[in-house]
Amino acid sequence: MSDAQAQQDQIDQGVMDTLRERDHSILAKQVDSLGCSHNDIIELLAHYLALSEQEDDELFDDWFDALSKEQHTVLKVFEVYRGQYEHQN
């Protein structure tokens, strides 16, 4: 297993642990260390939501595949938070 794959596995395990514990501190550290502005994040999420609601999967896939590692991190964290809030009592 490559170092990159091992690191990704650790991140994924951290995300799963966070989901179970509902502790956002690990995810917050990942996002807080990114070099993007609040506006960049808002624009990314708006684009993500707009494209995900459309029926053109290829358009979404092409857009998603072109994202940077930082943008993928933002979307992963967003989805974790969203999942937690959608399933609250």
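This tour moves through a predicted model, from the overall fold to helix pairs, the nonpolar core and single residues.

**The whole chain**

Begin with the entire protein in view, coloured by secondary structure. The protein has five helices and zero strands, and its elements follow the order α-α-α-α-α from the N terminus. Of the 89 residues in the protein, 21% are buried. Among contacts with a separation of 6 or more, 62% join residues 24 or more positions apart.

**Helix 2 against helix 5**

Two packed helices are described by the angle between their axes and the distance between the axes. Three pairs can be viewed in this way.

Select residues 25-32, which form helix 2, together with residues 69-86, which form helix 5. The axes of helix 2 and helix 5 are 10 Å apart, and the packing angle is about 150°. Angles over 145 degrees count as roughly antiparallel, and helix 2 and helix 5 are therefore roughly antiparallel to each other. Their crossing is left-handed.

To see the contact itself, display side chains on both helices. Helix 2 contributes Leu27, Ala28, Gln30 and Val31, which meet Thr73, Val77, Val80 and Tyr81 of helix 5.

Keep Thr73 of helix 5 selected. Is this residue buried or exposed? With a relative accessibility of 17%, Thr73 counts as buried. Apart from neighbours within four places in sequence, Thr73 is in contact with Gln30 and Leu34.

**Helix 3 against helix 5**

Next, hide helix 2 and select residues 38-52, which form helix 3. The axes of helix 3 and helix 5 cross at roughly 70° and come within 11 Å. That angle makes helix 3 roughly perpendicular to helix 5. The crossing of helix 3 and helix 5 is right-handed. On the side of helix 3, the contact is made by Ile41, Leu44, Leu45, Tyr48 and Leu49; on the side of helix 5, by Gln71, Val74, Leu75, Phe78, Glu79 and Arg82.

**Helix 3 against helix 4**

Leave helix 3 in view and add residues 57-65, which form helix 4. Helix 3 and helix 4 have axes 9 Å apart and pack at an angle of about 155°. Helix 3 is thus roughly antiparallel to helix 4, and the crossing of the two is left-handed. Leu44, His47, Tyr48, Leu51 and Ser52 of helix 3 meet Leu59, Phe60 and Trp63 of helix 4.

**The nonpolar core**

Now select Leu34, Ile41, Leu44, Leu45, Tyr48, Leu51, Phe60, Trp63, Leu67, Val74 and Leu75 and show their side chains. These eleven residues form the largest nonpolar core. Helix 3, helix 4 and helix 5 are the elements that give two or more residues to this core. Which helix supplies the largest share? Helix 3 does, with five residues.

Two members of the core merit a separate view. Centre first on Leu44. Not counting residues up to four places away in sequence, Leu44 touches Trp63, Leu67, Gln71, Val74 and Leu75.

Then centre on Val74, which is found in helix 5. Val74 counts as buried, at 6% relative accessibility. With residues up to four places away in sequence left out, Val74 touches Leu34, Ile41, Leu44 and Leu45. Draw a distance line between the C-alpha atoms of Val74 and Leu34: the two residues are 40 residues apart in sequence and 8.8 Å apart in space.

**The aromatic residues**

For the final stop, select Tyr48, Phe60, Trp63, Phe64 and Phe78, which form one aromatic cluster. A search of the whole structure finds five aromatic pairs. One of them is Phe60 with Trp63: the ring centres are 5.9 Å apart and the planes stand at 50°, so the pair is tilted.

How are these two residues placed along the chain? Phe60 and Trp63 lie three residues apart in helix 4, and about one helical turn separates them. Burial counts as a relative accessible area under 20%. Phe60 is buried, at 17%, and Trp63 is buried too, at 15%. Both residues also belong to the largest nonpolar core, and both take part in the contact of helix 4 with helix 3.

Key:
Residues numbered from 1 in each chain as written. Predicted model: local features only at pLDDT ≥ 70, side-chain atom pairs only at ≥ 80, totals over all residues. Heavy atoms only, no water. Phe/Tyr/Trp six-rings, centres within 6.5 Å; stacked < 30°, edge-to-face > 60°. Helix = DSSP H or I, 4+ residues; strand = E, 2+ residues; numbered from the N terminus. Buried < 20%, exposed > 50% of the residue type's maximum accessible area, 1.4 Å probe, protein only. Core = buried A, V, L, I, M, F, W, Y, C linked by side-chain atoms within 4.5 Å. Contact = heavy atoms within 4.5 Å. Axes fitted to C-alpha atoms, helices over the stretch in contact; angles between N-to-C directions. Parallel < 35°, antiparallel > 145°, perpendicular 65-115°, else oblique. Left-handed = near helix turned anticlockwise from the far one by under 90°.
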